[in-house]
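Colleague: Could you take a close look at one part of this model for me, the enclosed space inside it, and then set that part against the rest of the chain?

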Amino acid sequence: MSEEAGVMLVVYDDPSDRQSFSLDDTSSSEESLDETRLSLETTNDVIPYIGKRFATHDAAYEYYSEFAKQCGFSIRRHRTEGKDGVGKGLTRRCFVCHRAGNTPSKTSNESKHRRNRKSSRCGCQAYMLISKTTELGSLEWRVTGFTNHHNHELLEPNQVRFLPAYRTITESDKSRILMFAKTGISVQQMMRLMELEKCVEPGYLPFTEKDVRNLLQSFRKLDLEEESIDLLKMCRNIKEKDRNFKFEYTIDSKNRLENIAWSYASSVQSYETFGDAVVFDTTHRLTAFDMPLGIWVGINNYGMPCFFGCVLLREESVRSFSWALKAFLGFMHGKAPQTILTDQNLFLKEAISADMPTTKHALCVWMIVAKFPSWFNAVLGERYNEWKSAFYRIYNLGAIEDFELGWTDLVNSFGLQSNRHIVNLYDLRSLWALPFLRSHFFAGMATIGQSKSINAFIQRFLSAQSRLAHFIEQVAVAVDFKDQAGEQQTMQQNLQNICLKTGAPMESHAASVLTPYAFSKLQEQLVLAAHYASFQMDDGFLVRHHTKGDGGRIVYWVPREGIITCSCHHFEFSGILCRHALRVLSTGNCFEIPDIYLPVRWRRISTPSAKLLYSVPSDHAERIELLQRIVSTLVTESAKSRERLDIATEQVSILLSRIREQPVSLQNTRDLALKNRNI
């Protein structure tokens, strides 16, 4: 077919190919199949040839793409001749190897940041050219040029699937991934679930973890102002449905959301009993909006993490952290924790000193240890693991004097005297080293072992970051999931038979009062106590291991007042009596642990469910909550002696009779009955 004389419009899909890829259209159309040499044996006998016909240029592209996949490369659209809707429209299309052309030179613009991407282009000349023809009145496309000569190695079948052209996420898979994201599971878990659903081997999905992360990131690139408006709307909607949901926020001078903090009803209830020791983790950011994220977490009486609150900040500053702390205290009715664990953030340290002056501030050791690879791996090389083990040993020492000597030896033996991280750690030693912290209560959260469960708990929130407005909902889902899992674990713990190891009356008494988690900690100390000897002195007892000839701990015991203390400060640190104190109690014919050394926060108590209060009017709910706290205190105080218990039983019986004489509100009865049935 002859072509109309004149200028033909040539459009390059990639402008960089204009100079780097050249074809002689006349010679290519006359190239015979005999001159074509395949670079790789294929499993498909049908290969492109001159004259092969296609109904559309898209059909030709799909055909050549499948051929390329079997050969070990991918293709892209190179250039077109003509334009749809102009004259004869598209007349020619050229498809080339993905490595055709050369890396385009970019003009430098210092004011604009560019990513330093590596290019795979190497000037490969493999291509397929198609031209539009008309035969018997019907349009079709024919192959007028083809070569499969490559100047690079072709990929094996198990490698070619990783090329971007063959990595696709279908619409149904996208919906599934977004649904998984809302549940808070990690990308790795998403991939494994979809592999199981599709019955494919690990790593053989048509997309990679990176593709999934990019997909999730694309949904997060939204306008922050619009997202902020949606976020506040969602908070107000939640508040309308649940009056006990709490949130606070600030607006800047341009009427934009600056900071926002929130907490759920169940979190406030948990804090009432377990808010004595808190972790405030501010090491993470909400990636989509580059906002610092803070999460308040604690440990309940069954040794499981519990969520207290969350905050998103515009920036990290003393002012922002101060606002966050005040908002949190507002949620918790002004009750500050005894201790708070954080990262090495100087702004946060200053804010805590000002807004929580009575709270002991310490640094999370696991957040410090997490930075060790970047701090010391290159410096220490093969000795890094040796250093880490030595650090843990020094960290767990009992006496401050032993720590000071051990630290000096540690630093000298590894030649780290001038290392800036070592200098900084030593300056802050009173905030992270156990010898300096043992006289303060941390519920076990200052130890390396407990850190793993807390960190895993926090990661649930971070793996579910999508739209800002949905983040609060996603956190609620994660918290609710954890609450349900916690209830199940609590039930399993309570159903387990307690195994008594010593046969001592103190052990059986503690087993009846403490949760299985807390009792296991006390039982460890009871078993060890049998290996210690006690020596009475003028002002107390000296307790040391039976194999030791010197040293030991000093225990002071006042039997009449039921007070016992030990120089190891184990009870002050964990809320569990130490082996030294238990040895003295056993020697003094004490058959029950004094009540004050079985703290309420470690007892078999069930915190009142916040769900009970959801549909009850706010003032009524607050009065119920107050009554529950009074009753809890009444039971605790009454159990301290038989006389107290007799008085309490008598007076409560009289009070209950008087209450039953009063009229009943029908609406409140329905509300409470409904909630009890749901629970």
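Which strands each supply at least two residues of the lining of the largest cavity?

Modeller: This is a predicted model, in which local features need pLDDT of at least 70 and side-chain atom pairs pLDDT 80 or more, while totals for chains, interfaces and linings use all residues. Residues are numbered from 1 along each chain as its sequence is written, and side-chain values use heavy atoms, without hydrogens or water.

The strands you ask about are E9, which covers residues 277-286, and E10, which covers 291-299. Helices (H or I, at least four residues) and strands (E, at least two) are DSSP runs, numbered from the N terminus. Of the two, E10 gives the most to the lining, with three residues. The full set of residues around the largest cavity is Phe280, Thr282, Pro292, Leu293, Gly294, Val311, Leu313 and Phe321. By residue type, this lining divides into six nonpolar, two polar and no charged residues, where Gly counts as polar and Pro as nonpolar.

The volume of this cavity is about 30 Å³, and a search of the whole structure with a threshold of 30 Å³ or more finds one cavity. A cavity here is a set of points on a 1 Å grid where a 1.4 Å probe fits but cannot get out, and lining residues have an atom within 4 Å of a point.

Earlier in the sequence, helix H9 spans residues 265-274, and it is largely enclosed by the rest of the structure because seven of its ten residues are buried. Buried means under 20% relative accessible area, exposed over 50%, and partly exposed in between (1.4 Å probe, protein chains only). The buried residues of H9 are Ala265, Ser267, Val268, Gln269, Ser270, Tyr271 and Phe274.

Another buried position is Ala100, with a relative accessibility of 0%, and this residue is found in the loop between strand E4 (92-97) and strand E5 (127-135). Although Ala100 and Gln125 are 25 residues apart in sequence, their C-alpha atoms are 6.1 Å apart in space.

Two loop residues deserve a look for their backbone angles. Cys199, in the loop between helix H6 (187-198) and helix H7 (209-220), has a phi near 55 degrees, a positive value in a residue other than glycine. Cys199 is also exposed, with a relative accessible area of 70%. The other residue is His333, whose phi is near 60 degrees and thus positive, again in a residue other than glycine; His333 lies in the loop between helix H10 (318-331) and strand E12 (339-342).

Charged side chains complete the picture, as the structure holds 18 salt bridges, each being a side-chain nitrogen of Lys or Arg within 4 Å of a carboxyl oxygen of Asp or Glu. One of them joins Glu171 and Lys174, with a nitrogen-to-oxygen distance of 3.5 Å. Both Glu171 and Lys174 belong to helix H5 (residues 171-183), where they sit three residues apart, about one turn of the helix. Glu171 counts as exposed at 59% relative accessibility, whereas Lys174 is partly exposed, with a relative accessible area of 26%.

A salt bridge also links the side chains of Asp252 and Arg256, at 3.1 Å from N to O. In this pair Asp252 counts as buried, at 16% relative accessibility, and Arg256 is partly exposed, with a relative accessible area of 30%.

A further pair, Asp343 and Lys371, meets in a salt bridge of 3.1 Å, N to O. Asp343 lies in the loop between E12 and helix H11 (346-355), and Lys371 in the loop between helix H12 (365-369) and helix H13 (372-380), so the pair ties together parts that are 28 residues apart in sequence. Asp343 is buried, with a relative accessible area of 12%, while Lys371 counts as partly exposed at 25% relative accessibility. Elsewhere, Arg53, Glu140 and Arg142 are joined into one network by salt bridges that share partners.

How values were computed. On a 1 Å grid over the protein atoms alone, a cavity is a set of points where a 1.4 Å probe fits but cannot get out, and a pocket is an open set with protein on both sides within 12 Å along at least five of seven lines; lining residues have an atom within 4 Å of a point. Grid points are joined across faces, edges and corners, and a volume is the space filled by probe spheres set on the points.
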